[in-house]
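Student: Could you take a close look at the aromatic pairs in this protein with me? I would like to see where they sit.

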Amino acid sequence: MAPRFARTACILFGLGCVPTPGPAQTAPSMESLSFMVGCWRQGSANGLREHFTPPAANMMTGLSQFWRGDRIVDWEFHRIDLTEDGPALTPHPRGEASVSFTATELTASRVVFSNPDHDFPNRIIYDRVSPDTLAVIAESNGPGARHLEFRMARVSCTEP
């Protein structure tokens, strides 16, 4: 009964009853990661410092440095590539090859990169919690679950 009524209403009232597609889904772009661009630091003498370049159409790069006093004690390069599945983060701890993490959540101020097959971390999250604060979270689920969080403030890229 309802389909007949709907068809009659479309004819009588000139309602455009042709099914219309929903809003177009846009594929994630590297521009979606612009909230990460710049230099960020957690702690003053000891802590984490990260720098991300502005995204190009297909890639952006980053560098993490772990400081103790006036010395870098650990470091990691980051490459974020635009794949057909969206952005994918590949960290290179101490310059070594690594595994990739695919963006599974992406908003204007947060990205979650996931690789459920990796032991630790299996999720890397960048969350812009305020205009001058970027949180980086590395976590794993399951047995031996771990959670590390670094809250970093925006700093000048020329500041040590």
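Tutor: Happy to; here is the overall layout, followed by the aromatic rings. This is a predicted model, in which local features need pLDDT of at least 70, side-chain atom pairs count only at pLDDT 80 or more, and totals for chains, interfaces and linings use all residues. Residues are numbered from 1 along each chain as its sequence is written, and side-chain values use heavy atoms, with hydrogens and water left out.

The protein has one helix and 10 strands (DSSP runs numbered from the N terminus: helices are H or I with at least four residues, strands E with at least two). Along the sequence, the order is α-β-β-β-β-β-β-β-β-β-β.

Now to the rings: the structure holds three aromatic pairs (rings of Phe, Tyr and Trp, the last by its six-membered ring, with centres within 6.5 Å; planes under 30 degrees apart are stacked, over 60 edge-to-face, the rest tilted). One of them joins Phe-66 and Phe-150, whose centres are 6.1 Å apart with planes at 65°, so this pair is edge-to-face. It links distant parts of the chain, since Phe-66 belongs to strand 3 (residues 59-68) and Phe-150 to strand 10 (residues 146-155), 84 residues apart. Phe-66 is partly exposed at 26% relative accessibility, and Phe-150 is partly exposed at 21% (buried is under 20% relative accessible area, exposed over 50%, partly exposed in between, with a 1.4 Å probe and protein chains only).

Trp-75 and Phe-77 also form an edge-to-face pair, because their ring centres are 5.0 Å apart and their planes at 70°. Here Trp-75 is partly exposed at 33%, and Phe-77 is partly exposed at 42%.
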